[in-house]
Amino acid sequence: MSLLNFGKKQESCRCHGNTDETTDGLQKVVLVGSPNVGKSVVFGYLTGRYVTVSNYPGTTVDVTRGKGRLGDKEFEIIDTPGMYSLLPITEEERVARSILLDENPAVVIQVADAKNIERMLHLTFQLMEAEAPVFLDLNLMDEAGRLGMKIDTGLLEKEIGIPVVATVATDGSGMDILKENITGFKNRTGRGVKYDKTVESAVQRLREMLRGEYRISKRAIALLLLQDDPDIKSMVRERMKDNYASLEEIVEETKKKYSQPLNYIITIARQREIMEIIKKVTVSSPAETLDFRERLSRLMMHPVAGIPILLLIIYGFYEFVGVLGAQVSVDFLEETVFGEYINPFVTGIVTSVIPWKVWQNLFVHEYGIITLGLRYAIAIILPVVSTFFIAFSIMEDSGYLPRLAMFIDRLFKKIGLNGRAVIPVVLGFGCDTMATMVTRTLETKRERIIATVLLSLAVPCSAQLGVILALLSGSIMGLWIFAGVMATVFLFTGFLAARIIPGEKPLFFMEVPPLRWPKLSNVFTKTYTRVEWYFKEVLPLFILASILIWAGKLTGVFDLLTNALSYPVALIGLPKEAATSFLYGFFRRDFGAAGLYDLKTAGLLDGIPLVVSVVTIALFMPCIAQFSMTIKERGWKMALSMAAFIFPFAFLTGYLVNLVLNGLGVVL
Amino acid sequence: MKCPLCGLEFREQDGVSGCKGCVVSGSCSLVKCPNCGYETPKEPGVIKFIRSLKKQKERKK
């Protein structure tokens, strides 16, 4: 999608209201801002009943337009799609920016959420840099007030240099002043951000070289070029023709002077400027004024108070997954459905149809595709994972996840780790493979390596966590020992990595939505889709593992490997049968854990050995898919180095846990 | 749709484009937030249909 295609208004549109309305010749007032800040309510106040909703040309993004009489003058009012930044990520943001660039607005109103003013001011600064005719509408002032936040709008106006209006659009407060600001609008140059010398010099050089007319300032164009904005690049390339190469040279030359991308350097400089302003213009009153929901929200993110809350949530998961998933559903499916019906039935058919024992073993008996692969997938993993996903969806829909990210961020900072590694780590609780891919979004090589090590070692994915919780069902002490060991390993590895791989500790900020009661429909949809996705992914792998085990048995490789593994397994105090489960664990941690579950059911694994085995297998690399992703993202050398560290480290940790628990005379 | 982790609002089309490099993207029905990478399940067709009916009704009003 090119900015240059956005010049004309769409001929045919999905309209309602007065379709004969014409907006030609009217001055345009454009509303911009993030989603859910109340733009549409402000739009409603300015326009009244008659509006048109149409797709922006060449896109499927809705843009709402209407007419509004303000004072004695009529304006065309445009409500743009949600926009977080002038540097777009989504198509909606591209459309919003195109309206700003191509529709020549007389007034731009940035509608902002007052309680998230710090995050909102990034767009304000970008609009001021672009020299857009903008003023700031600080909306949702009532919500900010309820949180104990006071904003001195007069001082803010002085600080940023453009008009600021405080509103509560839902009850109409401040809307008259907003209208007056539109009719009496006088364009002012807002406060600019002073970047470091290298960026400022590059901006200056680019500005001098830019030829042609642009609807936004050349400084903004230069900054967007430095941040590799593809639409702006193609627009400038078209206008500059052969001279574009020299601009590109400046951009490349500037990039080489930093270890982080320029987008990051520019954002951090802007954030510092914003923080200075925020300190001056906002006052937060004591927590007594906060309501219960907000207090709980803050406690969840607190580095100390957040710990018992997290433990309580883990306990809830444990009870739900351990009792409903493991004890009720697994027992029924494994003992009754597979044990009494499917396994004897299929074994009977296979042995009567296939006379050769070798081929029978591929489908049934101890390691057959049906009696092992399918049984593990359907009777053990499926019920455990389904109940886990129900609990996970409830947690996700309640808004706890961003709070968990903030909590981990604060914890990370205490051990000297950068906060942005939080995102892939939290994602890892969903799927480690995808989270490993997400590490590429981290800005520095240092962050990418640390996050990948943490994911590979100490973050069990949701499915693996589900089976582990099921394994520990009935042993609450075992659960806390497991949680304590994993947390220690996680923090110790992070602490060590942060010291071994030095570097800057960048800032981390994200939107924290309000806590809410989860919706049943959302929980159902998320659970259903996740179970379907997981099952599609896991079933072929379990079947493949059964085939490989069968082939390994035929060639003797399987026995060789289990014999070799029985030594470290014995060293950590486990029965030799556990070696087979650890071999499964090389395919997937949950496949290995399912093997351990089998041993537990057979009465071969309980007490300290059970906890030791769970800790050891949880520290394995997550699965073959995650390992191949690590190779893809970090290269063979790094992936193999990680594996060479992780597997011995897992056994060493198991050994130490066994030693300490036995030494202390712990009885489980 | 709204990302449950970072709060970014985006359309499903914007969320699928980030999955090209993934080894499991062929069988995966999750949508990836273009901002933070968090994955959310795609809405089943039935729910999308009900939502579109609701939206149409609101527009008519």
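**Entry 1: the sheet in chain A**

I started with the open sheet of chain A, which has seven strands in the order E2-E3-E4-E1-E5-E6-E8 and mixed pairing. Next I looked for its edges: strand E2 (51-55) and strand E8 (164-166) of chain A each pair on one side only. I also looked up the twist, and neighbouring strands of this sheet are turned by 25° against each other on average, direction ignored. A note to self before going on: this is a predicted model.

**Entry 2: strand E1 and its partners**

Which strands does E1(A) pair with? I found five bridges joining E1(A) to E4(A), and these two strands run parallel. With E5(A), E1(A) also pairs in the parallel sense, over four bridges.

I then picked out residue pairs to click on. Val29(A) stands opposite Ile77(A) in E4(A), and Val30(A) has Ile78(A) of E4(A) as its bridge partner. Towards E5(A), I noted Val32(A) opposite Gln110(A).

Is E1(A) buried or exposed? I found five of its six residues buried, so E1(A) is largely enclosed by the rest of the structure. E4(A) gave me a similar entry: five of its seven residues are buried, so E4(A) is largely enclosed by the rest of the structure.

**Entry 3: the other pairings**

I moved along to E3(A) and E4(A), which pair in the antiparallel sense over seven bridges. Here Arg69(A) stands opposite Glu74(A) in E4(A). The hairpin of E3(A) and E4(A) has two residues between the strands, and I wrote down Gly71(A) for its positive phi near 65°.

Going the other way, I looked at strand E5 (residues 107-113) and strand E6 (residues 134-139) of chain A, which pair in the parallel sense over six bridges. The pair I marked there is Ile109(A), opposite Phe135(A) in E6(A). A reminder for my own benefit: strands of a sheet pair through backbone hydrogen bonds, either parallel or antiparallel.

**Entry 4: helices across the sheet**

Which helices lie across these strands? Helix H1 (residues 39-47) of chain A lies across E1, E2, E3, E4, E5 and E6 of chain A, and runs at about 40° to E3(A). Helix H2 (residues 91-102) of chain A lies across E1, E3, E4 and E5 of chain A, running at about 150° to E1(A).

**Entry 5: H5 against H11**

I wanted a helix pair as well, and chose helix H5 (residues 153-160) and helix H11 (residues 262-281) of chain A. Their axes come within 9 Å and cross at roughly 150°. Angles over 145 degrees count as roughly antiparallel, and H5(A) and H11(A) are therefore roughly antiparallel to each other. I noted the crossing of H5(A) and H11(A) as right-handed. On the H5(A) side the contact is made by Leu155(A), Leu156(A), Glu159(A) and Ile160(A), and on the H11(A) side by Ile277(A), Lys280(A) and Val281(A).

**Entry 6: helix H25**

Further along chain A, I checked helix H25 (residues 589-601). It has 13 residues and reaches 18 Å from its first C-alpha to its last, close to the 18 Å expected at 1.5 Å a residue. I found H25(A) mostly covered, with eleven of its 13 residues buried. The buried residues include Arg589(A), Asp590(A), Phe591(A), Tyr597(A) and Asp598(A). After H25(A) comes Gly603(A), whose phi is positive, near 80°.

**Entry 7: Val657**

I looked up one residue of helix H28 (residues 636-663) of chain A, namely Val657(A). Why does Val657(A) count as buried? Its relative accessibility is 9%, and buried means under 20%. I then asked which residues Val657(A) touches, not counting residues up to four places away in sequence. They are Val485(A), Val612(A) and Val615(A). I also noted Phe482(A), which is 175 residues from Val657(A) in sequence and 9.6 Å away in space, C-alpha to C-alpha.

**Entry 8: totals for both chains**

Last, I took stock. For chain A, I counted 28 helices and nine strands. Buried residues make up 57% of its 668 residues. Among the contacts in chain A with a separation of 6 or more, 76% join residues 24 or more positions apart.

Chain B has two helices and two strands, and along the sequence they follow the pattern α-β-β-α. Of its 61 residues, 44% count as buried. In chain B, 41% of the contacts with a separation of 6 or more come from residues 24 or more positions apart.

Note on methods:
Residues numbered from 1 in each chain as written. Chains lettered and ligands numbered in written order. Predicted model: local features only at pLDDT ≥ 70, side-chain atom pairs only at ≥ 80, totals over all residues. Heavy atoms only, no water. Pairing = 2+ DSSP bridges. Axes fitted to C-alpha atoms, helices over the stretch in contact; angles between N-to-C directions. Contact = heavy atoms within 4.5 Å. Buried < 20%, exposed > 50% of the residue type's maximum accessible area, 1.4 Å probe, protein only. Expected span 1.5 Å × (residues − 1). Parallel < 35°, antiparallel > 145°, perpendicular 65-115°, else oblique. Left-handed = near helix turned anticlockwise from the far one by under 90°.
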